[in-house]
Amino acid sequence: MCVITTYAKNENRSAITWHEFPAIIRFLAITVGMLFASCMVNSEVLAQTETAKTAFTTHYEPSAFPMTEMGQVAIGPLVPMLTATPHLFGNWGGIQPWLTNRGIFLNVTVNEEYMANITGGKQRANVLAGQVAAALDIDWQRLAGIPAFWTHMLVINGHGNSLSNAMGDSVTNPEEIYGARGNVVAHLVDMYADKGFLRDRIILSVGVIPTGSFFNQDYLACSFMNVSVCGNPAPSKYVPGGRDWPSGNIGAVLRVRPTLRTYIMGGIFAVSPHAYNGGISGWALGQDGLGKLSSQVEIGWSPSFGRHHLLGHYKIGYWYDNSRYPNLYADINGNSFQATGLPRRYEAGMNAAWLMFNQMIHRSGDGLANGLIVIGGVDYTQGSEVAMRDHEWIGLLQSGTPWGRPMDQIGVMFQYMEMSHTVTLQQESSLALGLPYLPNQWGAVYGIQSHENVWEAFYSIHVARGTAFQPDFQYLQRPGATTTFHDAAVVGFQFTTNL
């Protein structure tokens with residue numbers, strides 16, 4: 001998965017543009033003081049953030065992103081909101097305003113990342129990875145008079161390698177971007193349509209959709225480069241029923257907004273039994289074996305507290321995949337399948353759940369994220385079938401407003417990832433039998449896995465219109481969730497520009 005950070009319009013009002021739902025993090029006490037950052041915002045621009053694709057309006061205007069104020073209406077975790085988005089090359093000689101006035105939103109974003117481990121891990125390594133993304137969104141009310149109808153398409157071209165592979169840590173990846181996206185010129189991420197009803201209080205989306213573009217997403221989290229928390233958290237985004245960006249699922253999502261600051265979403269997605277949804281390029285939409293379904297639901301609340309309008313986004317969600325998956329340890333009798341040689345036990349269904357929030361606790365400017373914001377969450381999957389059972393994270397963010405740089409941001413985050421007891425039993429069985437460790441959803445295994453901690457800090461610098469440079473430092477304790485390799489210190493940077 002990868003993300004290109006984004007820029008979005010701020011209407012400079014107390015209403016909120018994105019949402020999440022209440023969460024009590026089981027390990028909240030672990031972290032006492034962390035500074036997390038994610039949105040460089042002033043009264044005109046929200047930068048370096050997960051795309052929300054919503055702007056608060058009191059009247060109709062072409063926005064290409066329905067459900068004003070509600071939910072993650074994002075196409076994916078990389079394309080900026082196109083209405084009033086700052087571009088490096090301005091308005092493209094008048095082309096952008098001409099297109100926007102006709103409801104056509106065309107955007108190209110470039111992201112490059114460099115990461116290196118300076119100590120620890122399997123070996124010293126450094127990698128450069130990046131991608132170019134192009135999105136076409138059409139507001140058909142503006143273009144052709146078709147009310148409350150939008151279409152979306154997103155393709156990407158990527159390059160580079162994964163630092164985690166070289167480090168021997170398949171549990172987490174310090175990069176947001178890695179890999180060549182199928183070695184094709186244009187990898188398909190999504191292609192879907194939205195239809196609004198009851199003044200957009202109800203919206204139906206149908207097509208090829210990354211599940212995490214709607215569910216289990218915190219747009220602020222992608223200010224951090226570590227992909228385990230960026231956009232959609234591990235572990236649920238790495239299993240077939242919840243695969244996320246840049247992998248789209250054929251499916252549909254229904255979003256309902258009962259009140260201005262609450263939403264309910266439900267979705268049905270086809271589950272691909274293949275390693276890649278849509279094939280390695282994303283375009284193979286007619287894959288065989290798509291008979292199973294993942295059903296997702298999420299409830300969100302977006303409060304605004306006090307006279308300073310301290311914005312919060314809270315969400316809680318759940319999904320169930322009715323496919324059958326092998327138990328990571330047991331044979332048909334409940335013993336080690338490696339020891340007995342008997343067929344593995346298959347279990348009906350897979351569950352996942354999440355609690356996520358971000359909340360401003362002190363305001364230092366008028367922008368949507370001009371202030372100190374706390375972010376956190378918990379993500380859980382069924383440990384008998386998934387190697388990582390749960391993942392918790394918490395951090396703080398502060399824009400650069402207090403020191404006169406409102407479009408900069410600074411942040412620190414802590415993540416805790418715990419592997420499942422079942423996969424530990426499997427690995428203990430491998431060790432006792434003198435067999436190599438079996439790879440799992442996270443890749444190669446180098447020892448008996450238990451848990452891994454990740455500490456991250458960054459400072460994002462606004463260097464030009466629509467452009468940011470972000471130095472980043474991460475410290476990985478127990479790389480690969482084992483004690484096989486020494487703790488790793490990773491340094492790098494991210495360069496993002498919205499053309």
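Colleague: Why is the disulfide of Cys222 and Cys230 called right-handed?

Modeller: Look at the torsion about the S-S bond of Cys222 and Cys230: it comes to about 105°, so this disulfide is right-handed. Bear in mind that you're looking at a predicted model.

Colleague: What makes Cys222 and Cys230 a disulfide?

Modeller: The sulfur atoms of Cys222 and Cys230 are 2.0 Å apart. The cut-off is 2.5 Å, so the pair at 2.0 Å counts as a disulfide. A search through the whole structure turns up 1 disulfide.

Colleague: And Cys222, is it buried or exposed, and how do you know?

Modeller: Buried means under 20% relative accessible area. Cys222 has 0%, so it is buried. Cys230 also has a relative accessibility of 0%, so it counts as buried too.

Colleague: On to the strands. How do you know that S6 and S7 pair?

Modeller: Two strands need at least two bridges between them to pair. Strand S6 (residues 149-159) and strand S7 (residues 187-197) have 8 bridges, so they pair, and the sense is antiparallel. If you'd like a spot to look at, Trp150 stands opposite Asp194 in S7.

Colleague: What makes S7 and S8 a pair?

Modeller: The same kind of count. S7 and strand S8 (residues 202-209) have 7 bridges against the required at least two, so they pair, again in the antiparallel sense. Met191 stands opposite Val208 in S8, and Phe197 stands opposite Ile202 in S8. S7 and S8 form a hairpin with 4 residues between them. In that turn, Leu198 has a positive phi of about 50°.

Colleague: Which strand does S8 pair with besides S7, and over how many bridges?

Modeller: Strand S9 (residues 249-259), over 8 bridges and in the antiparallel sense. Ile202 stands opposite Val256 in S9.

Colleague: What is special about the peptide bond from Ala234 to Pro235?

Modeller: Its omega is near 5°, and the bond is cis. Most peptide bonds are trans. Pro235 lies in the loop between S8 and S9. Asn216 has its place in the loop between S8 and S9 as well.

Colleague: What is the phi of Asn216?

Modeller: It is near 55°, a positive value in a residue other than glycine. Most residues other than glycine have a negative phi. Asn216 has a relative accessibility of 5%, which is under 20%, so it counts as buried. Ala481, in the loop between S19 and S20, has a positive phi of about 65° although it is not a glycine. With 0% relative accessibility, Ala481 counts as buried.

Colleague: Now the rings. Why is the pair of Trp301 and Phe305 called what it is called?

Modeller: By the ring rule, the count comes to 12 aromatic pairs. In this one, Trp301 and Phe305 lie 6.2 Å centre to centre, with 85° between the planes. The centres have to be within 6.5 Å, and planes over 60 degrees apart count as edge-to-face, so this is an edge-to-face aromatic pair. Trp301 has a relative accessible area of 34% and is partly exposed. Phe305, at 36%, is partly exposed as well.

Colleague: What makes the aromatic pair of Phe469 and Phe493 tilted?

Modeller: There are 35° between the planes of Phe469 and Phe493, and the centres are 5.2 Å apart. An angle of 35° is neither under 30 degrees nor over 60, so the pair counts as tilted. The pair links distant parts of the chain, with Phe469 in strand S19 (residues 467-477) and Phe493 in strand S20 (residues 488-498), 24 residues apart. Phe469 is partly exposed at 28% relative accessibility, and so is Phe493 at 30%.

Colleague: How do you know that the charged end of Arg344 sits over the ring of Phe337?

Modeller: The charged end of Arg344 is 4.3 Å from the centre of the ring of Phe337. The distance cut-off is 6 Å, and the charge must also be within 35 degrees of the ring normal. Lys195 lies over the face of Phe197, at 6.0 Å from the ring centre.

Colleague: Last one: how many cavities of 30 Å³ or more does the structure hold?

Modeller: It holds 5, and the largest has a volume of about 110 Å³. Of the 14 residues that line the largest cavity, the closest to its centre are Gly248, Ile250, Asn277, Gly278 and Gln287.

Notes:
Residues numbered from 1 in each chain as written. Predicted model: local features only at pLDDT ≥ 70, side-chain atom pairs only at ≥ 80, totals over all residues. Heavy atoms only, no water. Buried < 20%, exposed > 50% of the residue type's maximum accessible area, 1.4 Å probe, protein only. Phe/Tyr/Trp six-rings, centres within 6.5 Å; stacked < 30°, edge-to-face > 60°. 1 Å grid on protein atoms, 1.4 Å probe; cavity = no way out; pocket = protein on both sides within 12 Å on 5 of 7 lines; lining within 4 Å. Points joined across faces, edges and corners; volume = space filled by probe spheres on them.
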